[in-house]
Amino acid sequence: MPELPEVETTRQGILPHLQGECVSAVMVRNPAMRWPVEDNVNRINGMTVTGVSRRAKYLLIECNAGTLILHLGMSGSLRICQPDIPLKKHDHFIVLLENGTELRLHDPRRFGAVIWHEGDIDEHPLISHLGPEPLQDEFHTDYLHQSCHGRKTTIKQHIMNGKVVVG
């Protein structure tokens with residue numbers, strides 16, 4: 001499974017190829033992912049990518065009227081490709097950009113996710129309950145000490161809980 005550092009590396013890698021680019025179309029080759037890819041992902045068509053961020057292991061492709069939430073699942077990866085590069089069997093979701101490049105989600109096990117969300121991303125059910133990022137100011141020794149108070153679980157179990165700290 002891609003861990004937090006790999007997801008952050010993926011974010012940094014795709015950011016310069018997506019930021020400021022306009023989406024011309026999306027192609028869903030296989031909607032059977034962790035959750036079925038809904039038709040509303042087509043709303044991204046014609047939108048400009050304003051940023052690429054990350055919350056926990058979710059990649060957030062921010063557009064002028066919503067956010068495309070991507071999760072790589074157990075075996076997923078993202079690639080920036082030219083359209084003449086043949087599609088692979090497990091390239092399930094493709095974002096075509098007006099500059100001619102494509103963002104391809106490759107996921108052999110189909111445990112990944114593709115979700116379109118309009119509104120405040122922090123209110124999405126997958127995001128709203130998450131604890132602080134491990135390198136943010138909100139995660140510090142006093143916070144961790146307070147979160148452990150009254151718990152009877154091991155420290156490993158406790159910090160593996162995404163509601164306590166993500167990643």
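**Close-up 1. The largest pocket in this predicted model has a volume of about 310 Å³.** Its lining is made up of 16 residues, and those closest to the pocket centre are A56, K57, G162, V166 and G167. Sorted by class, the lining of the largest pocket comes out as 9 nonpolar, 4 polar and 3 charged residues. V166 turns up again in Close-up 4, where it belongs to the second nonpolar core, and in Close-up 6, where V166 is touched by P132.

**Close-up 2. A56 is a non-glycine residue with a positive phi, near 55°.** Look for A56 in the loop between β2 and β3. Is A56 buried or exposed? A56 counts as buried because its relative accessibility is 7%, and the cut-off for buried is under 20%. This is also one of the residues closest to the centre of the largest pocket.

**Close-up 3. L68, L70 and F93 touch the most other members of the largest nonpolar core.** That core has 26 residues. Which elements give two or more residues to this core? On the helical side of the list there is α1 (4-18), and the strands are β1 (23-28), β2 (49-55), β3 (58-63), β4 (66-71), β6 (91-97), β7 (102-106) and β8 (113-117). For a closer look at L68, leave out its neighbours within four places in sequence: L68 is then in contact with V41, I44, L59, L60, I61, F93, V95, V114, I115 and W116. So F93, listed with L68 among the residues that touch the most other core members, is also a direct contact of L68.

**Close-up 4. A second core, separate from the largest one, has 11 residues.** Among its members are Y58, I69, I121 and V166. Of these, V166 is one of the residues closest to the centre of the largest pocket.

**Close-up 5. F139 and Y143 form an edge-to-face aromatic pair.** How many aromatic pairs does the structure hold? The count is 1. The rings of F139 and Y143 sit 5.9 Å apart, centre to centre, with 65° between their planes; the pair is called edge-to-face because that label applies to planes over 60 degrees apart. F139 counts as partly exposed, with a relative accessibility of 23%. Y143 is likewise partly exposed, at 23% relative accessibility.

**Close-up 6. P132 sits in the loop between β8 and α2.** Why does P132 count as buried? Because its relative accessibility is 12%, and buried means under 20%. Setting aside residues up to four places away in sequence, P132 touches R55, E138, F139, Y143, V164, V165 and V166. That list takes in F139 and Y143, the two partners of the aromatic pair in Close-up 5. For a sense of scale, the C-alpha atoms of P132 and A65 are 25 Å apart, with their positions 67 residues apart in sequence.

**Close-up 7. R110 has a positive phi of about 60°, though it is not a glycine.** R110 belongs to the loop between β7 and β8. With 33% relative accessibility, R110 counts as partly exposed.

**Close-up 8. T141 lies in helix α2, which covers residues 141-148.** T141 counts as exposed because its relative accessibility is 66%, and exposed means over 50%. Now add P36 to the view: 105 residues separate T141 and P36 along the chain, and their C-alpha atoms are 40 Å apart.

**Close-up 9. T153 is found in the loop between α2 and α3 (155-159).** With a relative accessible area of 46%, T153 is partly exposed. From T153 to P2 the C-alpha distance is 26 Å, and the two are 151 residues apart along the chain.

Conventions: Residues numbered from 1 in each chain as written. Predicted model: local features only at pLDDT ≥ 70, side-chain atom pairs only at ≥ 80, totals over all residues. Heavy atoms only, no water. 1 Å grid on protein atoms, 1.4 Å probe; cavity = no way out; pocket = protein on both sides within 12 Å on 5 of 7 lines; lining within 4 Å. Points joined across faces, edges and corners; volume = space filled by probe spheres on them. Nonpolar A, V, L, I, M, F, W, Y, C, P; charged D, E, K, R; others polar. Phe/Tyr/Trp six-rings, centres within 6.5 Å; stacked < 30°, edge-to-face > 60°. Buried < 20%, exposed > 50% of the residue type's maximum accessible area, 1.4 Å probe, protein only. Core = buried A, V, L, I, M, F, W, Y, C linked by side-chain atoms within 4.5 Å. Helix = DSSP H or I, 4+ residues; strand = E, 2+ residues; numbered from the N terminus. Contact = heavy atoms within 4.5 Å.
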